[in-house]
Amino acid sequence: MKFTITIDVERCKGCDLCVSVCGRDVLAMTKLLNSRGDHYPETRNAAQCTGCQQCALICPDAAIEIETEDA
């Protein structure tokens, strides 16, 4: 099963919790900045995502959404 990870870059405050909680290294912080001047995560290894939703659950800004891709 494949999953789509959507990150609302502008809601992110760069806390890095989502990257820390992912045991599969799906997310990584970028060197880029959003409009508030915060670094934000990006998807690096989407194929490794199991859809556990831990990144979305730990995000204090509700900036991450995980959806199942239709096959």
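This report covers the core, the cysteines, the cavity and two backbone outliers of a predicted model.

Residues are numbered from 1 along each chain as its sequence is written. Local features need pLDDT of at least 70, side-chain atom pairs count only at pLDDT 80 or more, totals for chains, interfaces and linings use all residues, and side-chain values use heavy atoms, with hydrogens and water left out.

**Core**

The largest nonpolar core has 14 residues. Such a core is a set of buried Ala, Val, Leu, Ile, Met, Phe, Trp, Tyr and Cys residues joined through side-chain atoms within 4.5 Å. Buried means under 20% relative accessible area, exposed over 50%, and partly exposed in between (1.4 Å probe, protein chains only). Ile5, Val26, Leu27, Cys55, Ile64 and Ile66 have the most contacts inside this core. Strand 1 (3-7), helix 2 and strand 4 each supply at least two of its residues. Strand 1 gives the largest share, three residues. Helices (H or I, at least four residues) and strands (E, at least two) are DSSP runs, numbered from the N terminus.

Leaving aside residues up to four places away in sequence, Ile5 touches Val26, Leu27, Thr43, Cys49, Ile64, Glu65 and Ile66. Contact here means heavy atoms within 4.5 Å.

**Cysteines**

The disulfide count is zero, with a disulfide taken as a pair of cysteine sulfur atoms within 2.5 Å. For Cys49, the nearest cysteine sulfur belongs to Cys55, 6.5 Å away. Cys59 has no bond to its closest cysteine sulfur, in Cys15, because the 6.0 Å between them is too far. Cys49 is buried, at 14% relative accessible area. Cys59 is buried too, at 15%.

**Cavity**

One cavity of 30 Å³ or more turns up in a search of the whole structure. On a 1 Å grid over the protein atoms alone, a cavity is a set of points where a 1.4 Å probe fits but cannot get out; lining residues have an atom within 4 Å of a point. The volume of the largest cavity is about 90 Å³. Its lining has 14 residues, with Cys12, Cys15, Cys18, Cys59 and Ile64 nearest the centre. The lining divides into 10 nonpolar, one polar and three charged residues.

**Positive phi**

Two residues other than glycine have positive phi.

| Residue | Phi | Loop | Relative accessibility |
|---|---|---|---|
| Asp25 | about 55° | between helix 1 (17-21) and strand 2 (27-33) | 54%, exposed |
| Ala62 | near 50° | between helix 2 (54-58) and strand 4 (64-68) | 48%, partly exposed |

Terms used
1 Å grid on protein atoms, 1.4 Å probe; cavity = no way out; pocket = protein on both sides within 12 Å on 5 of 7 lines; lining within 4 Å. Points joined across faces, edges and corners; volume = space filled by probe spheres on them. Nonpolar A, V, L, I, M, F, W, Y, C, P; charged D, E, K, R; others polar.
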